[in-house]
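Here is a small set of exercises to work through with the model open beside you. Try each task before reading its solution.

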Amino acid sequence: MAYVYDPTNVFARILRGEIPCHRVLETEHSLAFRDIRPQAPVHVLVIPKGPYVTFDHFAAAASAAEIADFVAAVARAAAAAGVSPAEGGAGYRLLANAGPHSHQEVPHMHVHILGGRPLGPLLVPAA
Ligand code: AMP
């Protein structure tokens, strides 16, 4: 499948500095910032700087350096947010939406880091 990246999406605009974000950390290939509508006391988004639409697009098209940088950035962002079990935090959940069934809103690949309270079951049961 060919992925078509929309450079007007909100995360592309954050990366270009056109709109502000509350930065948690930045690396060579990744940026972590607070979600504007937090669904838990800790709600951080981590994005690659490259133009990838979904997790599968990123996995297929990103370089090994970008992928390694992103994985490390997710772990570092969790630690910076105080939820990493490796550093005494109470833990977190990673969530990555991809495509319409997931309700992905922003078509720039991102991982949510959620924590700061017990998060309950993974999914709400289907009605
Ligand atoms: P998703 O449904 O996985 O695409 O999640 C997109 C997330 O981006 C949502 O949780 C939004 O609250 C968040 N979001 C949208 N615009 C911004 C923004 N300008 N700054 C930070 N987070 C945002």
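**Exercise 1. Aromatic pairs**

How many aromatic pairs does the structure hold? Describe the geometry of the one formed by Phe11 and Phe33, and say what the pair ties together.

Solution. Keep in mind throughout that this is a predicted model.

- Step 1. The count comes to three aromatic pairs.
- Step 2. A pair of aromatic rings is described by the distance of the centres and the angle of the planes.
- Step 3. For Phe11 and Phe33, the ring centres lie 5.4 Å apart and the planes make an angle of 80°. Planes over 60 degrees apart count as edge-to-face, and that is the class of the pair Phe11 and Phe33.
- Step 4. Now place the two partners: Phe11 sits in helix 1 (residues 10-15) and Phe33 in strand 2 (residues 30-34), so the pair links parts that are 22 residues apart in sequence.
- Step 5. Check the surroundings of each ring's residue. The cut-off for buried is under 20% relative accessible area. Phe11, at 6% relative accessibility, counts as buried, and Phe33 counts as buried at 2%.
- Step 6. Finally, look for an aromatic cluster: Tyr52, Phe58 and Phe70 form one.

**Exercise 2. The overall fold**

Which pattern does the chain follow along the sequence, and what does the radius of gyration say about how compact the chain is?

Solution.

- Step 1. List the elements: there are three helices and five strands.
- Step 2. Put them in order along the sequence, and the pattern reads α-β-β-β-α-α-β-β.
- Step 3. Compare the radius of gyration with the globule rule. The chain has a value of 14 Å, close to the 14 Å that the rule gives for 127 residues, so the chain is as compact as a globular protein of that length.
- Step 4. Add the extent: along the principal axes, the C-alpha atoms fill a box of roughly 40 × 40 × 30 Å.
- Step 5. Turn to the interior and the contacts. Of the 127 residues, 38% count as buried. Among contacts between residues at least 6 apart in sequence, 54% join residues at least 24 apart.
- Step 6. Finish with the surface and the charges. The exposed area is about 7,600 Å², with carbon and sulfur atoms supplying 60% of it. There are 9 positive and 10 negative side chains, and the centres of the two sets lie 8 Å apart.

**Exercise 3. Thr54 and His57**

Is Thr54 buried or exposed, and which residues does Thr54 touch beyond four places away in sequence? Do the same for His57.

Solution.

- Step 1. Locate Thr54 in the loop between strand 3 (42-48) and helix 2 (55-61). His57 belongs to helix 2.
- Step 2. Apply the cut-off. Thr54 has 8% relative accessibility and counts as buried; His57, at 10%, counts as buried.
- Step 3. Read off the partners, leaving out residues up to four places away. Thr54 touches Tyr3, Ala98, Gly99, Gln104 and Met109. His57 is in contact with Tyr3, Pro51, Tyr52 and Ala62.
- Step 4. Take one distance: the C-alpha atoms of His57 and Phe33 are 21 Å apart, with their positions 24 residues apart along the chain.

**Exercise 4. Two loop residues**

What is the phi of His103, and where is Ala86 placed?

Solution.

- Step 1. Start from the expectation: most residues other than glycine have a negative phi.
- Step 2. His103 is not a glycine, yet its phi is positive, at about 65°.
- Step 3. His103 lies in the loop between strand 4 (92-95) and strand 5 (111-115), and counts as exposed at 65% relative accessibility.
- Step 4. Ala86 is in the loop between helix 3 (64-80) and strand 4. Its relative accessible area is 75%, so Ala86 is exposed.
- Step 5. From Ala86 to Val10, the C-alpha distance is 32 Å, and the two are 76 residues apart in sequence.

Terms used:
Residues numbered from 1 in each chain as written. Predicted model: local features only at pLDDT ≥ 70, side-chain atom pairs only at ≥ 80, totals over all residues. Heavy atoms only, no water. Helix = DSSP H or I, 4+ residues; strand = E, 2+ residues; numbered from the N terminus. Rg over C-alpha atoms; globule rule 2.2 N^0.38 Å. Buried < 20%, exposed > 50% of the residue type's maximum accessible area, 1.4 Å probe, protein only. Contact = heavy atoms within 4.5 Å. Areas by Shrake-Rupley, 256 points an atom, 1.4 Å probe, with all protein chains shown as cover. Lys, Arg positive; Asp, Glu negative; His and termini not counted. Charge placed at Lys NZ, Arg CZ, Asp CG, Glu CD. Phe/Tyr/Trp six-rings, centres within 6.5 Å; stacked < 30°, edge-to-face > 60°.
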